[in-house]
Amino acid sequence: MKPLFHINIRTPLLALLLVFAPAVMAQVQDSRIQMAGLDHLTAKASQTVEVNLDERLMRIAAKVLSDKDEDERQVKKLVEGIKGVYVKSFQFETDGQYVAADVETIRTQLRGRGWTRLVNVTSKKEGMLEVYLLFNADQVGGLAVLHTDDRELTVVNIVGPVDLDKLAKLEGQLGIPELGIESPKKSKKDDEK
Amino acid sequence: MNDDYLWDKTGQPDPEIQRLEEILGTLRYQPKPLVIPRRNYFPLLAIAASLLLALLAGGIWLRVRSHDDVPPQQATMETPGPVPPVNKSAVNPTPLVAHNRRRHKSVSSAAEHQEALMAKEQLMLALRLTTQKLHLVHIKTQHKVG
């Protein structure tokens, strides 16, 4: 006898897939770097800069950026579509206040999920500077800058489509010297990856 | 004894036959109204509840994941040491407050306006820091190329 109500096992599986697929996709494309692992350095640092601007705050910040002021108009254009800006910067009075494992909590995240290290500069005076971009297909989906020095640890994370052309237009403004930034073509992944 | 009882229940019944009739009689057809089994909605409800729970869990997970331990509104903000000399009008928040208060009437309440200005200051600070680092990279790479 044919049952009046028959549940195929595929139905709930399909439903669960539909529910979790957006979450999984969001996870794949999310360029947010978790920096909570560095919080303990606040107590050791002589100076700390911490910026946490999520999508909502970015939206309301953009509201008060003027269209009449040239600088603010440029910034407004730059932040269009950006979903978050997060900064943690620690300045220390003595060497060795943070350990390699602290930096590794950030670098580990930048080794996967589509991140590409564009620049890696090491110098005795300035320490190590790394610039990473997250590519979603051919579009930039995020930017990360990691600066480690004997007495400094700085992580900058911009979530969303960062337009480097617009960022370059900030040169000479906001008190920033000319940068000469050019939009990068997507390059090969680092050898490290 | 004849077999009429077996055919039409007439005549003298055989006690053995009667006994068998009594035993088997309990199994005879008993007419009763047709009952159509009710549709069982439990599996559908279970699926719907599971989906709701999954959605709720996914939402909570995404929300927790997208926030740091420190709420953005309570973010500390101190002027970093290495930020290069900047245009004072861009750094000093007071003129910005006055400047923007005049211009942006769309922000409804004073609290929201204040929050927006704080967010703007944080944004400018983050951009200054970012471009400063990129500038440093630029100098170093130029130096290496040179």
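**Helix α4 of chain A.** I began with helix α4 of chain A, residues 100-110, and I noted that this helix lies across β3, β4, β5 and β6 of chain A, running at about 160° to β5(A). I keep in mind throughout these entries that I am reading a predicted model.

**The sheet.** I then looked up how the strands of chain A are arranged, and I found six strands that form an open sheet in the order β1-β2-β6-β5-β4-β3, with antiparallel pairing. The edge strands are β1 (47-53) and β3 (115-123) of chain A, each of which pairs on one side only. From one strand to the next, I recorded a twist that averages 10°.

**Strand β5.** Next I turned to strand β5 of chain A, residues 139-149, and asked how many of its residues are buried. I counted nine of the eleven as buried, so this strand is largely enclosed by the rest of the structure. A residue is called buried here if 20 or more other C-beta atoms lie within 10 Å of its own.

I followed β5(A) to its partner β4(A), residues 127-136, and found that the two strands pair in the antiparallel sense over nine bridges. One pair I looked up in this ladder is Val131(A), whose bridge partner in β5(A) is Val145(A). The two strands form a hairpin with two residues between them, and in the turn I noticed Ala137(A), which has a positive phi of about 55°. I wrote this down because most residues other than glycine have a negative phi.

I also followed β5(A) to β6(A), residues 152-159, where eight bridges join the two strands, which run antiparallel. Here Leu146(A) stands opposite Val155(A), and Asp149(A) stands opposite Glu152(A). These two strands, too, form a hairpin with two residues between them.

**Met128.** I picked out Met128(A), which is found in strand β4 of chain A, and asked whether it is buried, exposed or partly exposed. With 13 other C-beta atoms within 10 Å, Met128(A) is partly exposed, because a residue would count as exposed at 12 or fewer and as buried at 20 or more. Leaving aside neighbours within four places in sequence, I found Met128(A) in contact with Thr122(A) and Thr148(A). I also looked up His147(A), which is 19 residues away from Met128(A) in sequence, while the two C-alpha atoms are 5.7 Å apart in space.

**Helix α3 of chain A.** In helix α3 of chain A, residues 70-79, I found Glu72(A), Val75(A), Leu78(A) and Val79(A) to be buried. They cover an arc of only 115° around the axis, which puts them on the same side of α3(A). After this helix comes Gly81(A), whose phi is positive, near 85°.

**Chain B.** Last, I moved to chain B, which has six helices and zero strands, so that reading from the N terminus I wrote its elements as α-α-α-α-α-α. Of its 146 residues, 17% count as buried. Among the contacts in chain B with a separation of 6 or more, 43% are accounted for by residues 24 or more positions apart.

Where in chain B does Lys9(B) lie? I located this residue in the loop between α1 (4-8) and α2 (15-25). Lys9(B) is exposed, with 9 other C-beta atoms within 10 Å, and its phi is near 60°, a positive value in a residue other than glycine.

Key:
Residues are numbered from 1 along each chain as its sequence is written. Chains are lettered from A and ligands numbered from 1 in the order in which they are written. This is a predicted model: local features need pLDDT of at least 70, side-chain atom pairs count only at pLDDT 80 or more; totals for chains, interfaces and linings use all residues. Helices (H or I, at least four residues) and strands (E, at least two) are DSSP runs, numbered from the N terminus. Two residues are in contact if their C-beta atoms, placed from the backbone, lie within 7 Å. Two strands pair if DSSP finds at least two bridges between them. The arc is that of the directions from the helix axis to the C-beta atoms. Axes are lines fitted to C-alpha atoms, for helices over the stretch in contact, and angles run from 0 to 180 degrees between N-to-C directions.
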